[in-house]
Amino acid sequence: MTTLKQLLCGTAVAGLVAGTGAAVGTQTGLSAVTAQWMLAAEHVLLLGTDGTNLDKILEYAYNDDSGFKMLMDRGVTAATSIAGHQTMSTPSWSTILTGVWDDKHGVVSNIYRPEPYTTWPSVFNLIEYYKPEVDTTVISGRGLFTDMASTGGYPADNIIGISGGSTSEEMDALVTEATSAKILGTTTNPNVDTFMFAYQSQVDHAGHEFSGGSPEYAQAVVNVGANIKQILEAVANAESATGDKWTIIAVTDHGHQQTVTLPGFSLGHGFQTPNETSSFVIFSLAGNEAQAGGQNLSYQTVDITPTILQAFGIPMRSDFDGVPMQSDPDILHSFVMPVDLKQALTDAINSYGYPDIGTDIMLSLRALAGGAGFFLESYLLPPILNYLQTIIDQDIFVISDLAQGLQWALNTVGPVVVDVATELGRAVGYLTGAGVIAPLDPPLLDADALAG
């Protein structure tokens, strides 16, 4: 099947093959590879797995039963680091899904606010704005992604919030089933290009509860590998049925500390230890079988959004921090084919360290201030309110009435305290460099103006 997008790429492909395009000066055969992907990518799938250390994937899920290994064999893998940037989830996912670092998007807390994504549009907004004919989908049990996909005036076409499952493992299984079904559904309408984002949460939950060095964390990595395998099998079936090619990217937002801070609780991440700043990118580019099983030394998580946009022929923002991984000359020159990929990735992981001490202190302060509101909202107030409810339910003379009064006071004052803490965190974030760089590109036109 040849789509309109593929026909429009013809001139660019001809230039690249002739040595007159963006890939001039690259190594032998690289222009041909680039030409292949420009005629191949019709569907893009982004798989997000939260808080997943690559060294644990290599230790526990580098086998033929794991989707992680299957995707590494199909694509190019990079051991990356976000040292020098926040290792909290929402700031890190914001970077992945906007193509800019936190000094631009300014997100410093896990408490969701829509404003950063109207200033710095997400990949969902950008695709819908420039190529509304692309069918966009987000599948997640976490509200961050369904909220982000609906923000900014150009929401994703299909926002699938997964609410079932009593554990994060069960929720991830439901995400996997929904993702596989959506992929197989593309076979009934092969003329529509698609972008999907699917999110797996259980590794991060295991890290927070048991630490990144625990058996529970290792099992969660194995589980997500099995889920990815199921998704990749759905992709293979769809490719076989239609002849379409799928570009697949897997990424994590941060790593995890390896030790338990308190019984039943690990701080997990937020600071700048190498285990926390550890990340990875696995990039399986449609049509790029020649580099399958290789390693790249330059991929960054901030490159994800530019890469997705270029796959659909969407222009780059001038103020992106990331670049398209399939065409940037520096990235293309950073490809290697190691004799032992597992060892090469392990060596890369071990090469990463701390940022300079000034940056380390600054980001530690930002993490503490930025995380305060979320900690109050998610970890401190709920157990106190639940404990007071148990006293109320016992109907103890006077005591239950006092507990009910205290519960009312906390429910009344608590949100105000959370809001104040969140705003203070944003102020500290700004003073330490978060959100200080304004966009160069104008905001996206609103839908009514665009239609007019």
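I take a patch to be made of residues with over 30% relative accessible area and no salt bridge (a side-chain nitrogen of Lys or Arg within 4 Å of a carboxyl oxygen of Asp or Glu), with nonpolar side chains (Val, Leu, Ile, Met, Phe, Trp, Tyr) joined within 5 Å and like charges within 9 Å. The model is predicted, so local features need pLDDT of at least 70 and side-chain atom pairs pLDDT 80 or more, while totals for chains, interfaces and linings use all residues. Residues are numbered from 1 along each chain as its sequence is written, and side-chain values use heavy atoms, without hydrogens and water.

Entry 1, surface. I looked up the exposed area of the protein chain and found about 18600 Å², with 59% supplied by carbon and sulfur atoms (Shrake-Rupley method, 1.4 Å probe; for residues, only the protein chains shown count as cover). I noted a nonpolar patch of about 510 Å², made by Ile 396, Phe 397, Val 398, Ile 399 and Leu 402.

Entry 2, Val 398. I placed Val 398 in the loop between α18 (357-393) and α19 (399-431) (helices are DSSP runs of H or I, at least four residues, numbered from the N terminus). Val 398 counts as partly exposed because its relative accessibility is 37%, where buried means under 20%, exposed over 50% and partly exposed in between (1.4 Å probe, protein chains only).

Entry 3, burial. I read that 54% of the 452 residues of the protein chain count as buried.

Entry 4, contacts. Among contacts (heavy atoms within 4.5 Å) between residues at least 6 apart in sequence, I found that 76% join residues at least 24 apart.
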